[in-house]
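Work through the two exercises below with the model open, and try each task before reading its solution.

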Amino acid sequence: MVLVPQSMAATRVTTDTLRGGADIPASHPTPGDVGGVCERVFVSTEPTSSRASILHADLDSFYASVAQRDSPRLRGRPVAVGGGVVLAASYEAKRRGVTTPMSGRAARAMCPGLVIVPPDFPAYTTASRAVFEIFRRTTPLVQGISIDEAFLDVSGLHRIDGSPVEIAARLRRQVAEEVGLPITVGVARTPFLAKVASQVAKPDGLLEVPPDGEDAFLHPLPVRRLWGVGEATAARLNSFGLQTAGDLAALPEHVLVGLLGGAGGRHLHNVVHGRTATALTLGTRRASIGAQRALGQGPHTPEHVHAALLGLVDRVTRRLRDADKLASTVVVRLRFGDYTKASRSHTLMQPTASTARLAEAATGLLGSASAVVRARGLTLVGVALTGLVPDVVEQPELSFDSAVTGAGRGPAVSVRDTRMLDAALDGLGARFGSGALTRGSLLSTGEGLSAPLLAEGGEDD
Ligand SMILES: [Mg+2]
């Protein structure tokens with residue numbers, strides 16, 4: 001079957017004006033055929049969504065690269081950014097086993113000669129703004145994911161600016177020349193594939209996944225490389241002898257559903273067969289909804305901190321639903337006893353307004369920082385929801401990890417159930433005041449004071 005893009009459906013062109021299209025044999029009856037006229041109808045066999053025209057652009061080891069850019073003596077050397085804990089590591093350090101988060105002491109033991117430098121957040125903000133300016137100069141269709149990565153849709157630019165790969169190469173050159181930082185770009189038909197491509201191509205790389213090469217690219221990859229598959233899901237799949245995306249693609253859908261639950265199994269089945277959303281999530285006006293809570297000088301029990309975090313999640317998710325928005329990314333901000341700060345973010349497979357889903361992501365982020373929190377104490381915790389989109393249609397829940405890790409924590413709760421619960425709680429709050437209902441875990445600790453959250457967090461890859 002030949003798919004005819006609307007803009008081209010009525011276009012009749014002769015061979016000498018045709019560039020890059022496929023032709024329909026003259027004998028093939030087409031709506032445009034005119035008897036006796038020796039002219040053929042050419043249509044592109046590729047509608048926009050079947051071309052590789054989504055870019056995922058991601059700065060490499062952002063914080064560490066800024067440090068190496070600003071101090072030539074650090075270039076080519078293993079560098080970690082942080083103090084007591086490593087927030088970011090250069091690729092020289094990563095190659096020698098330094099990861100984030102890791103204590104500075106452990107990192108030094110792992111990597112003799114490691115240079116640890118303090119973070120420079122104003123420099124990161126300036127660099128991020130400059131890079132996003134280049135993104136927006138490239139195309140108006142930019143979906144920011146975090147301080148150092150974004151999706152760009154360049155499907156409309158082919159005639160003017162060249163192919164998506166040419167545009168990606170130019171983007172990398174401009175970021176290197178104008179901002180002085182390495183950036184990796186994945187090019188593919190869907191944001192999911194572009195993201196996986198950029199992670200495979202790191203550092204300082206460019207990788208295109210052509211539409212007819214998607215299986216060849218995806219199937220040899222370890223399951224952990226699939227965006228959204230976390231450690232828990234990967235371990236579960238590995239325990240059944242499933243190592244690669246290709247292993248999963250060989251299975252019927254019902255087997256994956258049996259392993260990972262309904263939504264997770266169905267979604268992963270779609271993922272390994274290349275069926276993921278083709279469009280970017282655009283049109284966000286408000287950048288984030290956040291709240292934070294000062295805890296005072298500790299010590300605080302983990303339960304107390306966890307309760308404070310959940311109180312903040314309740315608050316921001318209520319505001320999210322009041323604004324008829326869904327959130328794509330959860331950011332947890334922490335300020336430690338020594339007044340250093342850190343933030344962790346997690347981008348969900350699909351935007352959601354579910355308190356349970358967002359609380360789970362926030363709890364996971366806090367848990368990933370537990371060693372640092374224990375070592376340095378915590379004086380402030382904040383939660384921000386970013387990547388906000390209008391709540392028009394909510395996709396089914398797509399976290400594979402929640403399907404797996406949720407199994408051991410009592411009965412699974414479906415998205416529909418939690419949405420009804422969220423709606424019921426919102427209704428009670430609207431009628432009796434937001435203090436009318438609160439989590440049992442907050443009764444002993446109190447919700448404390450919260451304030452709007454302004455600063456941005458970032459990831460390191
Ligand atoms: Mg990055």
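**Exercise 1.** Describe how helix α5 packs against helix α7, and state which residues make the contact.

*Solution.* Begin with the geometry: α5 (residues 121–138) and α7 (residues 164–179) pack at an angle of about 150°, and their axes lie 10 Å apart; axes are lines fitted to C-alpha atoms, for helices over the stretch in contact, and angles run from 0 to 180 degrees between N-to-C directions. The two helices are therefore roughly antiparallel, a term used for angles over 145 degrees. Next, list the contact, in which α5 contributes Ala127, Ala130, Val131, Ile134 and Thr138, while α7 contributes Ile167, Leu171, Gln174, Val175, Glu178 and Val179; residues are in contact if their C-beta atoms, placed from the backbone, lie within 7 Å.

The model is predicted, so local features need pLDDT of at least 70, side-chain atom pairs count only at pLDDT 80 or more, and totals for chains, interfaces and linings use all residues. Residues are numbered from 1 along each chain as its sequence is written.

**Exercise 2.** Work out the strand order of the sheet that contains β4, and find which strands stand at its edges.

*Solution.* The open sheet has 3 strands in the order β5-β4-β6, with mixed pairing. Because β5 (86–89) and β6 (115–117) each have a single partner strand, one side of each is left without a neighbour in the sheet. From one strand to the next, the twist averages 30°. Strand β4 (residues 79–82) pairs with β5 in the antiparallel sense over 3 bridges, where pairing requires that DSSP finds at least two bridges, and alanine 80 has alanine 89 of β5 as its bridge partner. Finally, helix α2 (residues 62–70) lies across β4, β5 and β6, and runs at about 110° to β4.

Note on methods
Helices (H or I, at least four residues) and strands (E, at least two) are DSSP runs, numbered from the N terminus. Angles under 35 degrees count as roughly parallel, over 145 as roughly antiparallel, 65 to 115 as roughly perpendicular and the rest as oblique. Two residues are in contact if their C-beta atoms, placed from the backbone, lie within 7 Å.
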